[in-house]
Amino acid sequence: MPRFNPLVAEMAPPPIPAVQGWALAYDGHLGPEIDLSQAVPGYPPHPDMLRWLGQAAARVSTAAYGPIEGDQALREAFATYQNALYGARLRPENIHITAGCNQAFMVTALAVAEPGSRVLLTNPFYFNHETSLRMYGVNIRLVNCPAAGGFLPDPATVAAAIGPDVRALALVSPNNPTGAIYPPELLDALFEVCRARGIFMILDETYRDFLPPEQRRPHILFDRPGWDETLISLYSFSKGFCIPGHRLGAVIGSPALVAELVKIMDGLQICAPRAGQIALTEALPALTAWREANRVEVNARAAKLLSVMAGCLGWEVAAIGAYFAFVRHPFRQEKSAAVVERLARDVGVTTVPGSYFGPGQEEFLRVAFANADVPTLDGLASRLVALQQ
Ligand SMILES: Cc1ncc(COP(=O)(O)O)c(C=O)c1O
């Protein structure tokens, strides 16, 4: 009898469908479901984006394979965009387009870590980073990021966790699941540890478009001489452009890294979806004002969640940032998955259990507040009260 790869077979099924399944049992008596589980922008893509996508998809030339690294025009447009945001001097050769940021992480991990080697993840971590590494047979060492420290990784703790088998430190800022925004000085210090110890720093910047306006530039790492020997930055077009279904992301690193990724992508995907690449090339320079308005809106949602939770006895926002909040629930004796199930089933609020993001996170729930508009978030308070009655 053939058997499946135990590294995959032993893994739990994907978490988001599981928690959304619990919401199916909600009878609607308090109003429509409030889905704060998966990070999906709660507003549609810009109408021009839809038009560009449609036009690009209707062209015969789009149906052909494109360059493995991504369409040259998009790599140029993205480099220009990144340079303006970070004050950097990236070239198209620094960019590899992927089918989403999860794929960006998977190809990057494959490029830097062989089976049996090790990658450092924060605890709590983004679960797809953990599962991808496990599937590859790459070991994980967790760097604890306690609530008391704002869920931020301590450079000294990171340094102490680096052994000879460690190939990379993987970070997410603004963070999933906690929302914590890593200050530029912290990212600088973490970069310095990685550089000095000869390991890669993989920085997933999926949520950087939603940073508060005063913190628009996420870090200054691209300014550092030889940055690309250490830093690998990952980006997702899913959230900022509201096109998660079109599956587009990017890896930003050295041309040598891009050359490695080309070998991996050729077997995996050949090229990222073409219509989206063509549409994004138009959208990157053109939709700046729309994206800015979304940033303001998501920040307003964060402020609303904070004010709503302040009025909910026993609930506490332990961290909040560009897209998520990590919220301490009042049911100390209960597992976080049980709390999430009750929330979904009894009062129609879907979140994700803290336990899905690492050990010792039972007291927390991840709340993707950016999915819901301000009036919807207002309705959260009565649901939480109803749960406690
Ligand atoms: C930190 C992080 N990285 C990557 C992704 C996946 O993004 P994409 O849709 O581009 O694969 C997500 C999506 O939720 C995420 O939270």
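Student: How many residues surround the ligand, and which are the closest?
Tutor: A residue counts as near when one of its heavy atoms lies within 4 Å. In this predicted model, 13 residues surround the ligand. The closest are Cys101, Asp204, Tyr207, Ser236 and Ser238.

Student: Which helices supply at least two residues of that shell?
Tutor: Two helices are listed here: α5 (101-112) and α9 (237-240).

Student: What is the make-up of the shell by class?
Tutor: Sort the residues into nonpolar, polar and charged. The shell around the ligand has four nonpolar, six polar and three charged residues.

Student: Which atoms of the ligand do polar side-chain atoms of Asp204, Tyr207 and Lys239 approach?
Tutor: For a polar contact, look for N or O pairs within 3.5 Å. A polar side-chain atom of Asp204 is 2.6 Å from a ligand nitrogen atom. Tyr207 places one 2.5 Å from a ligand oxygen atom. For Lys239, the distance to a ligand oxygen atom is 2.9 Å.

Student: How much of the ligand's accessible area does the protein cover?
Tutor: Take the area of the ligand on its own, then ask what share is covered. On its own the ligand has 400 Å² of accessible area, and the protein covers 92% of that.

Student: Which pocket does the ligand take up?
Tutor: The ligand's space is the largest pocket. That pocket holds about 440 Å³ of space. Its lining has 26 residues, and Gln38, Asn102, Tyr126, Asn128 and Lys239 are the closest to its centre.

Student: What does the lining consist of?
Tutor: The lining divides into 14 nonpolar, eight polar and four charged residues. α2 (15-23), α5, α6 (127-135) and α9 each supply at least two of the lining residues.

Key: Residues numbered from 1 in each chain as written. Predicted model: local features only at pLDDT ≥ 70, side-chain atom pairs only at ≥ 80, totals over all residues. Heavy atoms only, no water. Polar contact = N/O pair within 3.5 Å; in protein donor to acceptor, adjacent residues only side chain to side chain. Areas by Shrake-Rupley, 256 points an atom, 1.4 Å probe, with all protein chains shown as cover. 1 Å grid on protein atoms, 1.4 Å probe; cavity = no way out; pocket = protein on both sides within 12 Å on 5 of 7 lines; lining within 4 Å. Sits in = over half its atoms within 2 Å of the grid points. Helix = DSSP H or I, 4+ residues; strand = E, 2+ residues; numbered from the N terminus. Nonpolar A, V, L, I, M, F, W, Y, C, P; charged D, E, K, R; others polar. Points joined across faces, edges and corners; volume = space filled by probe spheres on them.
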